[in-house]
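Me: I am new to this structure and would be grateful for a close look at a single part of it, the nonpolar core. Please set that part in the context of the chains around it.

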Amino acid sequence: MQRKLFIFVFTIVVVVFFLGAWLNLRVVEPVESTPVGGMAVNVSIGGPFELTNHTGARVTDEFLRGSYALIYFGYTFCPDICPTGLGDIAVTLDELGDDGGHVIPVMITIDPERDTPEVLADYVPLFHERLVGLTGTEADIKDIAEKYRVFYRRFEDPNLTFYLMDHTSFIYLLDPKGRTVSMFRYGTSPEEMAGSIRKHMLSRANTYQTQFGSPP
Amino acid sequence: MIARFISASVTILFLATPAWANEQRSEHFLISHAWSRATAPSQKVGAVFMTIATNGDKTDRLIGALSSAAESVQIHGHTTVNNVMRMRQVGGIDIPADGDITLAPGGLHIMLIGLKAPLLENTLVPLVLEFEKAGTLEIEAEVEAPGAKQASSRAPAKSTESHGSSSGHRGHKH
């Protein structure tokens, strides 16, 4: 009897463990490697948004149409990870040379309380003259973060007079139709990101040629 | 054969320590490539990175720091759990007797909190490091570009190569 109970409990534990592991993998690893570099996105990531840019204007995702976009979620009160990510985006655009002009760099704050349009206006040009800073209400940010499966959380330490943000740190590549076509993990080199973007551009141009006979 | 070995060793030595390497020595430590990143006026925090090695065979522990450029200074590290980056204060950093410790982006850094003025590229940030055994040590960190990933003093010499964008130098070295 005790043996049966043990087997029952053991089975439950194993099932729960694998279910947990599966759920965890499903949420955290929605992507897998492909030959184009970065990670291919095989679940729906991204979606429409309405946010305020660093000049104070309300914009929707429509402003990205017709161009590729590299989107980073971060916050300005972040001395290490975010400048690294944004610096990498800037270098990636440099690596792309003229093609870099077809990519819009975007930083979306996950800390709208501190990152007002004014704060972003002060911050974004440090990294790239075309970097667009986006902020919004808490609800706006929650909405877009959910669409991009960005995890963020405020961390308050009673010993500190300020709060920090825990956050995922991916860079998302959107194609000119606004579809998320790749995600780059923190630490992916600008060379690798540029190579991946070039392959996406090339594959898109080839598709166009096959369908319509001449380049756009 | 021996001559070639010596010649190779000398070459390696020169490669390892270029004449213009940013090094600050004290009785107990060799601090190399201390650097920070330029900040925007609205940014109230900055980070300082460096390599710390002991001069000799004594271990020590970095337990704190101070800077006249900031209201307070803390030692921070990162952990990544399920792709979520968490930056947290750490109690100190052990300095091994026979090696060195590098504070670098994505890992350990000295966080400047409540910057009194923005950190400007190509200036120096003063810093006082506090060690458990050796006491305090005053150093200066070079301020690099906002998105820099390493000290320019660490980069290879052909660092002026440009990649065509008009916005130019951003601290990335090739």
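Reply:

**The nonpolar core and its surroundings**

In this predicted model, the largest nonpolar core has 90 residues, and those touching the most other members are Leu70(A), Val48(B) and Ile110(B). In soluble globular proteins, nonpolar side chains tend to be buried together.

Ile110(B) serves well as a point of entry. Apart from its neighbours within four places in sequence, Ile110(B) is in contact with Ala47(B), Val48(B), Ala65(B), Val73(B), Ile75(B), Leu103(B) and Leu127(B). Val48(B), one of these partners, is itself among the three core residues that touch the most other members.

The chain that holds Ile110(B) may be described next. Chain B contains one helix and 11 strands, and along the sequence the helix comes before the strands, in the pattern α-β-β-β-β-β-β-β-β-β-β-β. Of the 174 residues in chain B, 35% are buried. Among the contacts in chain B with a separation of 6 or more, 63% are between residues 24 or more positions apart.

A site in a loop of chain B may be set beside the core. Thr123(B) lies in the loop between β9 and β10 (124-131) of chain B. Thr123(B) has 15 other C-beta atoms within 10 Å and is therefore partly exposed, since a residue counts as buried at 20 or more such atoms and as exposed at 12 or fewer. From Thr123(B) to Glu144(B), 21 residues apart in sequence, the C-alpha to C-alpha distance is 8.3 Å.

Chain A, to which Leu70(A) belongs, has five helices and 11 strands. Buried residues account for 40% of its 216 residues. Of the contacts in chain A between residues at least 6 apart in sequence, 66% join residues at least 24 apart.

Within chain A, helix α2 (residues 81-95) has 15 residues and spans 21 Å from its first C-alpha to its last, close to the 21 Å expected at 1.5 Å a residue. Because 15 of the 15 residues of α2(A) are buried, this helix is largely enclosed by the rest of the structure. Just after α2(A), Gly97(A) adopts a positive phi of about 60°.

Ser44(A) offers a contrasting environment. Ser44(A) is located in the loop between β2 (39-41) and β3 (50-53) of chain A, and it is exposed because 11 other C-beta atoms lie within 10 Å. The C-alpha atom of Ser44(A) is 28 Å from that of Val91(A), which is 47 residues away along the chain.

The two chains also meet at a contact formed by 32 residues from chain B and 35 residues from chain A. On the side of chain B that touches chain A, the elements giving two or more residues are β3 (45-54), β6 (84-89) and β9 (109-115) of chain B. β6(B) gives the most to this side, with five residues. By class, this side of chain B comprises 12 nonpolar, 15 polar and five charged residues. Strand β9 (residues 163-168) of chain A and β6(B) run antiparallel and are joined by two bridges; Met85(B) in β6(B) is the bridge partner of His167(A).

A word on confidence is also in order. Chain A has a mean pLDDT of 86, with 80% of its residues at 70 or more. Over residues 23-35 of chain A, however, the pLDDT is below 50, and this stretch has 16 contacts in the model beyond near neighbours in sequence.

Note on methods
Residues are numbered from 1 along each chain as its sequence is written. Chains are lettered from A and ligands numbered from 1 in the order in which they are written. Two residues are in contact if their C-beta atoms, placed from the backbone, lie within 7 Å. Helices (H or I, at least four residues) and strands (E, at least two) are DSSP runs, numbered from the N terminus. Ala, Val, Leu, Ile, Met, Phe, Trp, Tyr, Cys and Pro count as nonpolar, Asp, Glu, Lys and Arg as charged, and the others, Gly among them, as polar. Two strands pair if DSSP finds at least two bridges between them. pLDDT is the predictor's confidence in each residue, from 0 to 100. A nonpolar core is a set of buried Ala, Val, Leu, Ile, Met, Phe, Trp, Tyr and Cys residues joined through C-beta atoms within 7 Å. The expected span of a helix is 1.5 Å times one less than its number of residues.
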